[in-house]
Amino acid sequence: QESKKSIASAERSVRRFLARLGYKRGKKKGMMCYRLKEENIKKRDKYVQVMTNANRDNSTQIVYMDESYIHKNYHRHDDSLFDPNDEQDLERIAQHKGKRYCFIAAIIDNDKSPDVLALPYKDRPEECKAGLMHETLDIFEGGKKQSVDYHGMFDSAYFVRWMDKLIEALAAWNVHSALIVMDNAKYHKSLPKGTPKGSWKKRRMLDYCNEHNIAVNHSDLKTVIWDKLKKYVDDHIKPTIVSMAEAAGHKVVFLPPHHSDLQPIKLVWANVKGTVGRQYTTHTTFKTVLTRLKKAFDELDTSTVQGCINKANQHLDELREHIVQQEDNDEAAGIKDDESNSNSDSEDE
């Protein structure tokens, strides 16, 4: 029989896990339930509205960008069934990931792009064979530290340089006023140099406030000054790549937290990595992985990319229908705004 203490401990762990994912616990119609935090609900709904409108507007180009990686021992073998109680039937322990190849690229919705992009890669004119994926693709060797997530192989300086490449590629393809979709990686939202930080000394904060006409008193505590400065930063200072995109006539759209299924390029990564992984043997070398990875990208056709985009758009439509249905159900149940807000703000911990 399970220990009550063990069960209670497991429940607390699950609650903490859900809280980290952005969920809150509250009552709704007499029931205890988990729901997204209010700020994440707003981000989700805003994204769904913006992308739905963009998909309906044939003049709006949508660009998706993302990063990923593959390590030497990545493989795709058929799963096998075994009795977990059979001590003789043990799975081989996977080798450490170690060195890896990191890559970054962007794709565009071909339905709204120049006609040449709708052609299979092998059928394009030689001067147009690169395409957006191939023009923006960058592959480099990552670090050897297992403890570092692959996002740690990228930084804001590198990403700014890559963003320049993307903007140049869009200009070459005569793509204007595009929506550039990306996730919430820290280096995607890096602020310009000289932006105030909470680690600044009080004197430096005061000087910045004076330069930018932010009302503070010299007698104010540092935490009070920082609260005002942080609000100024949030309201007036945009991430570097957002400013870069806007200067070129484009707009950056960030994915809502925990909705990676709305990012089609992740399906492209799965396709490419699967192609490489299925060729894995015990004799595969790190150099061989790079050769296979480049070949997989070269053989990637636009019909596959478009299929990934269509799948993500399907998820977007289903999510919108779910949100609308949820709103209708709340209206039918007579849930008032103040009741809904109080429920979403209540927490168990």
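1. In this predicted model, Val-181 has Val-253 of strand 7 as its bridge partner. The pairing to which the two strands belong is parallel: strand 6, residues 179-182, runs beside strand 7 in that sense over 4 bridges. Strands of a sheet pair through backbone hydrogen bonds, either parallel or antiparallel.

2. The wider setting is an open sheet of 5 strands, ordered 5-4-3-6-7, in which the pairing is mixed. Its edges are strand 5 (138-141) and strand 7 (251-254), each of which pairs on one side only. On average, neighbouring strands of the sheet are turned by 20° against each other, direction ignored.

3. Two helices that pack on the sheet deserve attention. Helix 2 (residues 38-56) touches strand 3 (62-71), strand 6 and strand 7, and its direction makes about 140° with that of strand 6. Helix 7 (residues 240-247) touches strand 6 and strand 7, and its direction makes about 140° with that of strand 7.

4. How do helix 8 and helix 9 pack, and at what angle? Helix 8 (residues 265-277) and helix 9 (residues 286-298) pack at about 135°, and their axes are 9 Å apart. Helix 8 is therefore oblique to helix 9, because an angle over 145 degrees would be needed to count as roughly antiparallel. The crossing of helix 8 past helix 9 is right-handed.

5. Helix 8 contributes Trp-269, Val-272, Thr-275 and Val-276 to this contact, while helix 9 contributes Val-289, Arg-292, Leu-293, Ala-296 and Phe-297. Sorted by class, the contact of helix 8 with helix 9 comprises 7 nonpolar residues, 1 polar residue and 1 charged residue.

Technical notes. Residues are numbered from 1 along each chain as its sequence is written. This is a predicted model: local features need pLDDT of at least 70, side-chain atom pairs count only at pLDDT 80 or more; totals for chains, interfaces and linings use all residues. Side-chain values use heavy atoms; hydrogens and water are left out. Two strands pair if DSSP finds at least two bridges between them. Axes are lines fitted to C-alpha atoms, for helices over the stretch in contact, and angles run from 0 to 180 degrees between N-to-C directions. Contact means heavy atoms within 4.5 Å. Angles under 35 degrees count as roughly parallel, over 145 as roughly antiparallel, 65 to 115 as roughly perpendicular and the rest as oblique. A crossing is left-handed if the near helix is turned anticlockwise from the far one by less than a right angle, and right-handed if clockwise. Ala, Val, Leu, Ile, Met, Phe, Trp, Tyr, Cys and Pro count as nonpolar, Asp, Glu, Lys and Arg as charged, and the others, Gly among them, as polar.
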